[in-house]
Amino acid sequence: GLWDDKPDPSPSIMALELQSVMCSPLIFGDKSAGILYVDSGYRFTDFNETDQLFFTILSDHAAIAIENAELYSRSQMSVQSLTQEVCSGEERYRQTLEAAPDPIIIVRIADGHFIQVNDAFFKIFGYSEEAVTGRTASELNLFVHPKDMARIVSVVKERKGIKGFEAQIRKRNGSVSDILISARFVRFGEEDCMIMAVKDITARRNMEEELRRSKETAESANKAKSEFLANMSHEIRTPMNAIIGMSHLVLETDITPKQQDYLNKIHSSARSLLRVINDILDLSEIETGKLNIKSVNFRLDELLVNLSDRLSPAARKKGIEIRFEADKEIPLSLNGDPLRLRQILTNLVDNAIKFTKYGEIVVNAALKEKWKNNAELLFSVRDSGIGISPEKLSVLFEPFTQADSSTTRKFGGTGLGLT
């Protein structure tokens, strides 16, 4: 027997009067699952070779069965855990929807039915939960333009999301609200869905429309003012020209020094006022598109001489040298608007005289380009005055704007000269 060569067999085993015993480890791969034990009992003889082969096969199958049982147990636990996580996630999803201040809708993509709608939707648009849940936007006649819903679904299917889609929704009472929709694809339960967040922008749209109307009203009023001034240009300029002309004629007569002083002040003030009026009227004509640029023949040298005669006295009075330069290549006979050219150069030189304490002012005319019977000229005015700070350059050509806009500014003016 198995125990014949053992000196001290266990009394408990001896008491069983066993003939033979077989033990085999249950191994699956490199993992031990247990030990299979079998004995002959006291009635049977020793195990033969057939019994041993059958026992070996039985051990292998037992190991496989135990391993499969453990795998099944673990998979069942995983499924249960996953189910709990999914349920927990859906519950958190529902809680989030209900807490959101904006309307949120979960829509089943396959048929467009509303699976879940939060309280904000009911409060803002006036629908009840029973009236909405399980129905489609088409059944509710929700969108003013029914194709909007189909467009949203199509984009979500293709791109998995959409942002800032503008639409209009009918409330329960029939009124229409402007809305902004953002939606994205989600798996809700076992179904393909999309979650739509709806933002009511009706108040914002009403404000934008009110601002637009206010702007149009202001622009209309400004245009009417500009048109009135443009149409009144002749009526305003005529009496001022009469004052200037008559005062000039009186100055040519035999008058006392005191009277001459008075008339000189009247004549100078009238000319200053006419320049301001001309600037304002020209600006009005520009705003209304009524400023016409003429095309007449003139000589550039005569224009510059005339300009020098008018501006040099004021420069000499301040001790400033003023020079007029022109490229020799410039044709003397030109075609253009000498009145506007003279007006622009006068404003530029007037500014230079005003802001220059000492030094010089140079008016230069350069030939920039010439082709066939046309020429492009570049006029520039350079002075040694106080200059302009860099931060003021951006508003240099804005109407009624000056570098020094304080009430105690040293230099006067309307801020229209460069406009």
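The protein chain exposes about 27700 Å², and carbon and sulfur atoms supply 55% of that area. The model is a predicted one. Of the 419 residues in the protein chain, 28% are buried. The chain contains 11 helices and 12 strands. Among its contacts with a separation of 6 or more, 53% join residues that are 24 or more positions apart.

The aromatic side chains can be taken next. A pair of aromatic rings is described by the distance of the centres and the angle of the planes. Three aromatic pairs are present in the structure. In one of them, the ring centres of Phe121 and Phe125 are 5.1 Å apart with the planes at 50 degrees, so this pair is tilted; the angle falls between the cut-offs of under 30 degrees for stacked and over 60 for edge-to-face. Phe121 and Phe125 both belong to helix α3 (residues 119-125), and because they are four residues apart there, about one helical turn separates them. Phe121 has a relative accessibility of 0% and therefore counts as buried. Phe125, at 1% relative accessibility, counts as buried too.

Phe121 also pairs with Tyr127. The centres of these two rings are 6.1 Å apart and the planes are at 25 degrees, so the pair is stacked. Tyr127 is buried, as is Phe121. One aromatic cluster is formed by Phe121, Phe122, Phe125 and Tyr127.

Further along the chain, Thr136 is placed in the loop between α4 (129-132) and α5 (137-140). Its relative accessibility is 11%, so Thr136 counts as buried, the cut-off being under 20%. Apart from neighbours within four places in sequence, Thr136 is in contact with Asp111, Gly112, His113 and Phe114.

Two lysines in loops are described by their backbone angles. Most residues other than glycine have a negative phi. Lys160, although not a glycine, has a positive phi of about 70 degrees. Lys160 lies in the loop between α6 (147-159) and β5 (161-170). With a relative accessible area of 49%, Lys160 is partly exposed; a residue would have to be over 50% to count as exposed. The side chain of Lys160 has an aromatic partner: its charged end sits over the ring of Phe185, 4.3 Å from the ring centre.

The other lysine is Lys372, with a positive phi near 50 degrees. Lys372 is found in the loop between β11 (360-371) and β12 (374-383). At 79% relative accessibility, Lys372 counts as exposed.

The last topic is a pocket. Rolling a probe the size of a water molecule over the atoms shows where empty space is left. The second largest pocket holds about 460 Å³ of space. It is lined by 17 residues, of which Arg275, Asn278, Arg310, Leu339 and Gln343 are the closest to its centre. Three elements, α8 (233-251), α9 (257-288) and α11 (338-355), each give two or more residues to this lining. The largest share comes from α9, which contributes seven residues to the lining of the second largest pocket.

Definitions and conventions
Residues numbered from 1 in each chain as written. Predicted model: local features only at pLDDT ≥ 70, side-chain atom pairs only at ≥ 80, totals over all residues. Heavy atoms only, no water. Phe/Tyr/Trp six-rings, centres within 6.5 Å; stacked < 30°, edge-to-face > 60°. Buried < 20%, exposed > 50% of the residue type's maximum accessible area, 1.4 Å probe, protein only. Lys NZ or Arg CZ within 6 Å of the ring centre and 35° of its normal. Contact = heavy atoms within 4.5 Å. Areas by Shrake-Rupley, 256 points an atom, 1.4 Å probe, with all protein chains shown as cover. 1 Å grid on protein atoms, 1.4 Å probe; cavity = no way out; pocket = protein on both sides within 12 Å on 5 of 7 lines; lining within 4 Å. Points joined across faces, edges and corners; volume = space filled by probe spheres on them.
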